[in-house]
Every structure is written in C-alpha cells, then in structure tokens.
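Biologist: Before we discuss any details, could you put the model on the screen for both of us?

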Amino acid sequence: YHLIMIALNKKHQARVNKAVYWLTKYNTANDMRNDADGDGNEKMYTKYDNLCQKTFDKYEEYTSELPVREVKQIEKSELY
C-alpha cells in the first residue's frame with residue numbers, strides 16, 4: 001500500500017512523494033528480512049538486507065534535499 005503524505009510546502013511535494021515511496025519499499029524489505037531471519041534462511045536474509053540498504057539509501061537521498069521540517073513530518077508518520 002502507498003501512503004500519500006501532504007508536504008508542508010507545496011513545492012516540496014514531489015520530493016516528499018519520492019521519499020515516502022522509498023521508505024515504503026524499505027519497510028517491505030525490512031519485513032521480508034525479518035521473516036527470513038526468523039526462518040533461519042541466510043540467503044534470503046542477505047538478499048533483503050542488501051535491499052534494505054539500497055532502499056534506505058534512496059530514502060536518504062531524497063530526504064537530504066528536503067527542509068528539516070518536511071523530514072520531521074515523514075519521521076513522525078506511521079511509516080517511519
């Protein structure tokens with residue numbers, strides 16, 4: 001599912017959308033990583049661990065271009 005978040009300033013909406021998109025992808029990969037860890041499946045754990053790193057890097061790439069208050073709003077959401 002994809003959560004829509006309204007940016008505090010309209011001019012930042014596209015970047016907020018992208019940050020939220022990558023955070024959602026990270027959350028999915030993190031859930032899969034936790035499942036693999038619980039199952040003791042090292043191969044799948046490594047796969048999803050790498051995916052977690054890539055997706056979180058993308059999230060940080062977009063949030064690094066946002067004002068602090070926009071990032072704080074994302075971090076206060078249920079996604080974070």
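Modeller: Here it is, and please keep in mind that this is a predicted model.

Biologist: How many aromatic pairs does the structure hold?

Modeller: Ring centres have to lie within 6.5 Å for two rings to count as a pair. By that criterion, the number of aromatic pairs in the structure is four.

Biologist: Is the pair of Tyr21 and Trp22 stacked, tilted or edge-to-face?

Modeller: A pair of aromatic rings is described by the distance of the centres and the angle of the planes. For Tyr21 and Trp22 the centres are 5.2 Å apart and the planes make an angle of 85 degrees. Since planes over 60 degrees apart count as edge-to-face, the pair of Tyr21 and Trp22 is edge-to-face.

Biologist: Are Tyr21 and Trp22 buried, partly exposed or exposed?

Modeller: The relative accessible area is 36% for Tyr21 and 21% for Trp22. The partly exposed class spans the range between 20% and 50%, so Tyr21 and Trp22 are both partly exposed.

Biologist: Which residues do ring pairs link into a cluster?

Modeller: The cluster is built from ring pairs, each of which requires centres within 6.5 Å. The residues linked in this way are Tyr26, Phe56, Tyr59 and Tyr80.

Biologist: In what order do the elements of the protein chain run from the N terminus on?

Modeller: The protein chain has three helices and zero strands, and its C-alpha atoms fill a box of roughly 45 × 20 × 15 Å along the principal axes. Read from the N terminus on, the order of the elements is α-α-α.

Biologist: Which parts of the chain does the salt bridge of Arg15 and Glu65 link?

Modeller: The side chains of Arg15 and Glu65 meet at 2.6 Å, N to O, which satisfies the 4 Å limit for a salt bridge. Arg15 is partly exposed at 34% relative accessibility, and Glu65 is likewise partly exposed, at 42%. The two residues are 50 residues apart, and the parts they link are helix 1 (residues 13-39) and the loop between helix 2 (42-63) and helix 3.

Biologist: And the salt bridge of Asp49 with Arg33: are its residues buried or exposed?

Modeller: The closest N and O atoms of Asp49 and Arg33 are 2.7 Å apart, and the pair joins helix 2 to helix 1 across 16 residues. The relative accessible area is 19% for Asp49 and 15% for Arg33. Because buried means under 20%, Asp49 and Arg33 are both buried.

Biologist: Which side chain of opposite charge is nearest to Glu70, and why does Glu70 have no salt bridge?

Modeller: Glu70 lies in helix 3 (residues 68-76) and is buried. A salt bridge needs a side-chain nitrogen of Lys or Arg within 4 Å of a carboxyl oxygen, whereas the nearest side chain of opposite charge is 5.1 Å away, so Glu70 has no salt bridge. That nearest side chain belongs to Arg69.

Biologist: With which residues is Glu70 in contact, leaving aside its neighbours within four places in sequence?

Modeller: Contact is taken here as heavy atoms within 4.5 Å. With the sequence neighbours set aside, the residues in contact with Glu70 are Ala7, Leu8, Asn9, His12 and Val16.

Biologist: How far apart are the mean positions of the positive and negative charges of the protein chain?

Modeller: The protein chain carries 13 positive and 13 negative charges, and two salt bridges are found in the structure. The distance between the mean positions of the positive and negative charges is 10 Å.

Key: Residues are numbered from 1 along each chain as its sequence is written. This is a predicted model: local features need pLDDT of at least 70, side-chain atom pairs count only at pLDDT 80 or more; totals for chains, interfaces and linings use all residues. Side-chain values use heavy atoms; hydrogens and water are left out. Rings of Phe, Tyr and Trp (its six-membered ring) pair if their centres lie within 6.5 Å; planes under 30 degrees apart count as stacked, over 60 as edge-to-face and the rest as tilted. Buried means under 20% relative accessible area, exposed over 50%, partly exposed in between (1.4 Å probe, protein chains only). Helices (H or I, at least four residues) and strands (E, at least two) are DSSP runs, numbered from the N terminus. Lys and Arg count as positive and Asp and Glu as negative; His and the chain ends are not counted. The place of a charge is taken as NZ of Lys, CZ of Arg, CG of Asp or CD of Glu.
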